[in-house]
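Student: I should like to learn how features of a protein model are read. Could we go through them one at a time?

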Amino acid sequence: MTFTPSEQEFLRQQPIGRLCTVGPDGDPQIRPVGVHLGTDGVTIEIVGHALASTQKWRNVIGNPRVAFIVDEVASVKPPRAHGVEVRGTAEVLPGHGSTDRGLSGDIIRITPHRIISWGIDHPDTRARHV
């Protein structure tokens with residue numbers, strides 16, 4: 001599963017996305033996180049200042065199924081919205097990332113199994129489901 005060039009460009013331009021993980025009780029947890037397209041252009045990498053101490057980190061260890069969404073409303077009238085939803089599996093990678101700007105060096109890497117986008121490659125058509 002890969003992102004189109006337009007989806008990659010959109011993801012690189014967005015500062016914030018939302019990561020949804022599943023907690024130990026089966027309830028979803030959603031949190032805003034920084035958007036980082038992996039250097040391979042295929043994965044999403046979540047980083048943070050104390051990432052390994054967070055509930056989302058523990059949730060991924062317990063259940064790697066995640067959803068991640070990045071969206072933007074460019075205009076209400078006329079309606080124009082763009083977005084990418086990723087459904088996939090995540091893995092925790094302690095110490096595999098940068099420690100610049102106070103980052104912990106830990107990464108949650110998401111590998112997409114399904115990508116849904118809208119308003120990016122074909123702004124006048126319905127969502128792309130892959």
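Student: How far apart are the mean positions of the positive and negative charges of the protein?

Tutor: Lys and Arg count as positive and Asp and Glu as negative, while His and the chain ends are not counted; each charge is placed at NZ of Lys, CZ of Arg, CG of Asp or CD of Glu. Here the 14 positive and 14 negative charges have mean positions 5 Å apart. This is a predicted model, in which local features need pLDDT of at least 70, side-chain atom pairs count only at pLDDT 80 or more, and totals for chains, interfaces and linings use all residues. Residues are numbered from 1 along each chain as its sequence is written, and side-chain values use heavy atoms, leaving out hydrogens and water.

Student: Which residues of helix 1 are buried, and why are they on the same side?

Tutor: An α-helix has 3.6 residues a turn, so residues three or four places apart point the same way. In helix 1 (residues 5-13; a DSSP run of H or I, at least four residues), Glu7, Gln8, Phe10 and Leu11 are buried (under 20% relative accessible area, 1.4 Å probe, protein chains only). They cover an arc of only 165° around the axis, taken from the directions from the helix axis to the C-beta atoms, which puts them on the same side of helix 1. The face turned away from that buried side carries Pro5, Arg12 and Gln13, which are exposed (over 50%).

Student: Is Val73 buried or exposed?

Tutor: Val73 is exposed, with a relative accessible area of 60%. Its place is in strand 4 (residues 65-75; a DSSP run of E, at least two residues).
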